[in-house]
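Biologist: I've just opened this one and I'd like some help reading it. Could you walk me through a few features, one at a time?

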Amino acid sequence: MIEKGGDCGQQLKRTLWTLAQPRAGREGVSRVIWKDKGCPDRTAMTTPAGSGTGFGSVSWWGLSPAVDLQAEGPPVDPDSQAENPELNVLLLGSVDGRHLLRTLARAALWPRRRFHFYVLENNLEAVARHILIFSLALEDPEKMGLQERSETFLEVWGNALLRPPVAAFVRAQAGRLAHLVPEPDRLEEQLPWLSLGALKFRERDALEAVFRFWAGGEKGPEAFPMRRLWDSRLRQYLGSRYDARHGVSDWDLHMKLHDRGARVIHTREFRRWRDTGVAFELRDSSAYHVPNRTLASGRLLSHRGERVAARGYWGDIATGPFVAFGIEADDETLLRTSNGQPVKTACEITEHNVTELFREMAAWGHPRAAEGDPEQVQGGAEGSPESVAPALEPFTVHFLSLDSAHTLHHKSCYKGQFQLLYVACGMVHLLSPELGACVAPGGRLIVELAQFLVDLRQEQLQAFSSRVGELAQAAGFAPQLGGKPSDTFARFYKARDSAPGSEDPAVESGTPPPEVLAPPLEATDRPSEDRTQPLEPGTPPSEPLKLTSESQASLLEASVPPTGSQAPKSENQNVPPETKSPIPDL
């Protein structure tokens, strides 16, 4: 991700003063959402509500709950002669792989299918995190137990600071991946689920450089001083209200996140994350002191008239990673309230959900490794062949080139190929008729909305939802009928006869599944010099940052009011045809 730097105040001022400018020449020009009428000649900012600067220019975690993509996609054609039908899914900006993990964990509840996940991100650091997270999720249970795996995932995924044992795991895995990326044969042998064939050679080289940095190519915490970088970001974001940051975080939590359905997030855990970047404190607070290098990203900045490669933290400092796994649960007892207050915090719910997710994946892929009775494995009813030892259905994660969204339809292997298209709120500007041509007739589209972006006001959320509807319609999709309305996702379908007003019979019978997580959007937060670190010579900064301004625009230029409740509970899911009983214990 590469972006030219500049004066932060001037850039923010230009963004805030550009109101509803017509799109001249290309999609994604920013619209004004806030303007300081009292100070036309200077920036007198406190918290820039409506600017989106709290979400940074890089997304590290989703801002919506994880979904089962099989429940979102069209049902298997009963007339199909294929023994193992395929599900091809294209995901733009899924960021952290949460949707893929949940889909794989719940695959035993559906008819057998082979999965092909095509993932398109706008920065290579996000691609590297995808690979690291999947490597951890598929780690041999005999090498790493369920609890250790779950805790390691939570810290690497959502904490700015790590415990030394977790940091050592990241270094070891990154060193291994750095050696595998340039050797396709070894990569296919050791990680058969991973396909990097669609990446350009220079992108593979940059991906290898990212892993080498994670592996500790630059020794010492000064290579990525996360504490200082986090505090500097926070000071710039809050401005004169930095000393009242606890009051600001309480306001954002109670007046925004709680009102929008995330009531389980506790004040104490939200304050701690806003102050230190540590969302999941699973041990004593003094144990977290090693910078999490997987949250670093590169940029090209302008310094004294020259372009300089720099590294820093430009991710989310406003919402946090609590929404992805922490506000919904299959176990309704976790969402109970007592005297009007939730009895469980978002951290506790997240830890439970992630543990169950990894337990289901372990039971699915390695039935004997599941905790508890070895006979308690996922599958069909007791006594059926599938309940004995269900094997992991083959799946492949294909990573696409960073700038390929506008060219996919030119390749016959992608045109009309996908049954489901997922678009994160930071990538909505890429939704176009050309991208819609890659979805098969009868396919589905699910778009993450900006519900949990605390910098946006209600009217801006409605404008974004409206704009999503316009882009989806222009791309050849119609709103999906039936099911509970959602403020978190917008769901559409592509009519089989491609007629705008026609209804697809498959849509009426399908009830959409639970609300899902979605990745954060991008904002034009320009880093100051004290927040950036020079890159080591020969390490190419990632290119995806080119899309930063466009990604922010996709959030800021939107327009249709969302409908439905803001309750954090999951929506009614499509019940798989072969499961009439509850999910078996694992």
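**Reading the model, step by step**

Modeller: Let's start with D252, which counts as buried at 5% relative accessibility. This is a predicted model, so we'll come to its confidence in a moment.

Biologist: Where does D252 lie, and what is it in contact with?

Modeller: D252 lies in helix α10. If you skip its neighbours within four places in sequence, D252 is in contact with L257, R274 and V454.

Biologist: Which other residues of α10 are buried?

Modeller: The buried residues of α10 are V248, S249, D250, D252, L253, K256 and L257. They pack against α9 (226-238) and α11.

Biologist: Okay, now the confidence. What is the mean pLDDT of the chain?

Modeller: Think of pLDDT as the predictor's confidence in each residue, from 0 to 100. For this chain the mean is 77, and 69% of the residues reach 70 or more. Over residues 1-47, though, the pLDDT is below 50, and that stretch has 110 contacts in the model beyond near neighbours in sequence. Residues 367-390 also stay under 50, with 34 contacts beyond four places in sequence.

Biologist: And the chain as a whole: how many helices and strands are there, and how many of its residues count as buried?

Modeller: There are 17 helices and 15 strands. The chain has 586 residues, and 60% of them count as buried. As for its surface, the chain exposes about 23,200 Å², with carbon and sulfur atoms supplying 50% of that.

Biologist: What share of the contacts joins residues 24 or more positions apart?

Modeller: Take the contacts with a separation of 6 or more: residues 24 or more positions apart account for 82% of them.

Biologist: Back to helices. How do you describe two packed helices?

Modeller: You give the angle between their axes and the distance between the axes. Here, α5 (residues 146-158) and α6 (residues 164-180) pack at about 80°, with axes 10 Å apart. That makes α5 roughly perpendicular to α6, because angles of 65 to 115 degrees count that way.

Biologist: Which residues make the contact?

Modeller: T152, E155 and V156 do it from α5, and V166, F169 and V170 from α6. Sorted by class, the contact has 4 nonpolar, 1 polar and 1 charged residues.

Biologist: What about α3, is it mostly covered or mostly open?

Modeller: Mostly covered: 8 of the 8 residues of α3 (residues 98-105) are buried. Among them are R98, H99 and R102, along with L100 and L101.

Biologist: Just before that helix I clicked on V95. Where is V95 found, and what is its phi?

Modeller: The general idea is that most residues other than glycine have a negative phi. V95 has a positive one, near 70°. V95 is found in the loop between β1 (86-92) and α3, and with a relative accessible area of 4% it is buried.

Biologist: R304 has a positive phi as well. Is R304 buried or exposed?

Modeller: R304 counts as exposed, at 79% relative accessibility. Its phi is about 55°, although it is not a glycine. You'll find R304 in the loop between β6 (297-303) and β7 (306-312).

Biologist: Buried and exposed I follow. What about H266, with its relative accessible area of 34%?

Modeller: That value sits in between: buried means under 20% and exposed over 50%. So H266 is partly exposed. H266 lies in the loop between α10 (245-257) and α11 (267-276). Leaving aside neighbours within four places in sequence, H266 is in contact with L253 and T345. From H266 to D250 is 16 residues in sequence and 9.8 Å in space, C-alpha to C-alpha.

Biologist: Let's end on strands. Which strand holds T396, and which holds A478?

Modeller: T396 is found in β10 (residues 395-399) and is buried, with a relative accessible area of 9%. Beyond four places in sequence, the contacts of T396 are R114, F115, H116, F117, W193 and S195. A478 is found in β13 (residues 478-479), and this residue is buried too, at 12%. Its C-alpha atom is separated by 9.2 Å from that of L445, 33 residues away along the chain.

Methods. Residues numbered from 1 in each chain as written. Predicted model: local features only at pLDDT ≥ 70, side-chain atom pairs only at ≥ 80, totals over all residues. Heavy atoms only, no water. Contact = heavy atoms within 4.5 Å. Helix = DSSP H or I, 4+ residues; strand = E, 2+ residues; numbered from the N terminus. Buried < 20%, exposed > 50% of the residue type's maximum accessible area, 1.4 Å probe, protein only. Areas by Shrake-Rupley, 256 points an atom, 1.4 Å probe, with all protein chains shown as cover. Axes fitted to C-alpha atoms, helices over the stretch in contact; angles between N-to-C directions. Parallel < 35°, antiparallel > 145°, perpendicular 65-115°, else oblique. Nonpolar A, V, L, I, M, F, W, Y, C, P; charged D, E, K, R; others polar.
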